[in-house]
Amino acid sequence: MKENNPLKAIVLAGGKSSRFGSDKAFYKPEGNSLCFIEQTVQKLEKFTREIFISVNQTQIQQMEKLFYSKKSVQLVPDLKEVVEYGPLGGLYSVSQQDASDAGQSYLILPVDLPRLTEEELKKLARAHNVYAATPQKEHFLVAHLPFFKAEIEESVAHGEHRVKNLLDRLNSKPLLFPPEAEARFFNQNAK
């Protein structure tokens, strides 16, 4: 599935983790040998040969230590002009660094979904221009989007901070998962 695959991945890991109390990207759950960012990268490696990790300045050194031997992983710090844009700023920063063309697409995940399984990722990877949804909630940060450089530049030019605005510009559609999958989209904001 990875050979000659135009699918790349973006992990949104540069958040402030203010509700969590410490940087959740580096949180290692009890009984697990991998922290959240390592778990997320490991899941995505089955689908793509190139993974961008959106990071903030305070994370760079620790991320470099974790992934120094992984040529497939590129760290992308938030650009100065979008440092307060949240996840949209991370996506924008990746779009400015990645020199892809219009045939490219991205599997996008936040770092704090430890329960997400290969099954959900497989379904996302097979669909195109979608974001995850369950009957209970839309999950705008779990998506498979086409190359979006022009659209996200337009969002930033208009001062839009919400990923939903980018999804609207791309005419992205919800990809429905069954009600029982809702727990796997659980966003872990506490230890």
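This briefing covers the fold, one buried glutamine, one helix and the salt bridges of the structure above. The model is predicted. The protein chain has six helices and seven strands. Buried residues account for 50% of its 191 residues.

**Overall fold**

- Along the sequence, the order of elements is β-α-β-α-β-α-β-α-β-β-α-α-β.
- The pattern opens with a strand and ends with a strand.
- Take the contacts in the protein chain with a separation of 6 or more: 69% of them link residues 24 or more positions apart.
- The exposed area of the protein chain is about 9600 Å². Carbon and sulfur atoms supply 49% of that area.

**Gln39 in helix α1**

- Gln39 sits in helix α1, which spans residues 36-44.
- Gln39 counts as buried because its relative accessibility is 9%, and the cut-off for buried is under 20%.
- Its side chain reaches the backbone oxygen of Leu34 at 2.9 Å.
- Beyond its neighbours within four places in sequence, Gln39 is in contact with Pro29, Asn32, Leu34 and Pro114.
- Leu34 therefore appears twice in this picture, as a polar partner through its backbone oxygen and as one of the contacts of Gln39.

**Helix α5 and its two sides**

- Helix α5 covers residues 149-157, and its buried residues are Ile152, Ser155 and Val156.
- Seen down the axis of α5, these buried residues fall within an arc of 95 degrees, so they line one face of the helix.
- The face turned away from the buried side carries the exposed residues Ala150 and Ala157.
- The cover over the buried residues of α5 includes α3 (87-97) and α6 (163-169).
- Gly159 follows α5 and has a positive phi, near 70 degrees.

**Salt bridge between α5 and α6**

- The side chains of Glu154 and Arg169 form a salt bridge, at 2.7 Å from N to O.
- Glu154 lies in helix α5 and Arg169 in helix α6, so this pair ties together parts that are 15 residues apart in sequence.
- Glu154 is partly exposed, with a relative accessible area of 39%.
- Arg169 is also partly exposed, at 26%.
- Helix α6 thus meets α5 in two ways: α6 is among the elements covering the buried residues of α5, and Arg169 of α6 pairs with Glu154 of α5.

**Salt bridges between buried residues**

- The structure holds nine salt bridges.
- Lys8 and Asp98 meet through their side chains in one of them, at 2.8 Å from N to O.
- Lys8 lies in strand β1 (residues 7-12) and Asp98 in the loop between α3 and β4 (105-110), so the pair ties together parts that are 90 residues apart in sequence.
- Both partners are buried: Lys8 has 11% relative accessibility, and Asp98 has a relative accessible area of 7%.
- Lys24 and Asp112 form another side-chain salt bridge, at 2.8 Å from N to O.
- Lys24 is in the loop between β1 and α1, and Asp112 is in the loop between β4 and α4 (118-126), so this pair ties together parts that are 88 residues apart in sequence.
- Lys24 counts as buried at 8% relative accessibility, and Asp112 counts as buried at 7%.

**A shared network**

- Salt bridges that share partners join Lys8, Glu50 and Asp98 into one network.
- Lys8 brings strand β1 into this network, and Asp98 brings in the loop between α3 and β4.

Technical notes. Residues are numbered from 1 along each chain as its sequence is written. This is a predicted model: local features need pLDDT of at least 70, side-chain atom pairs count only at pLDDT 80 or more; totals for chains, interfaces and linings use all residues. Side-chain values use heavy atoms; hydrogens and water are left out. Helices (H or I, at least four residues) and strands (E, at least two) are DSSP runs, numbered from the N terminus. Buried means under 20% relative accessible area, exposed over 50%, partly exposed in between (1.4 Å probe, protein chains only). Contact means heavy atoms within 4.5 Å. Accessible areas come from the Shrake-Rupley method with a 1.4 Å probe; for residues, only the protein chains shown count as cover. A polar contact is a pair of N or O atoms within 3.5 Å; within protein, one must be able to donate a hydrogen and the other to accept it, and residues adjacent in sequence count only if both atoms are side-chain atoms. The arc is that of the directions from the helix axis to the C-beta atoms. A salt bridge is a side-chain nitrogen of Lys or Arg within 4 Å of a carboxyl oxygen of Asp or Glu.
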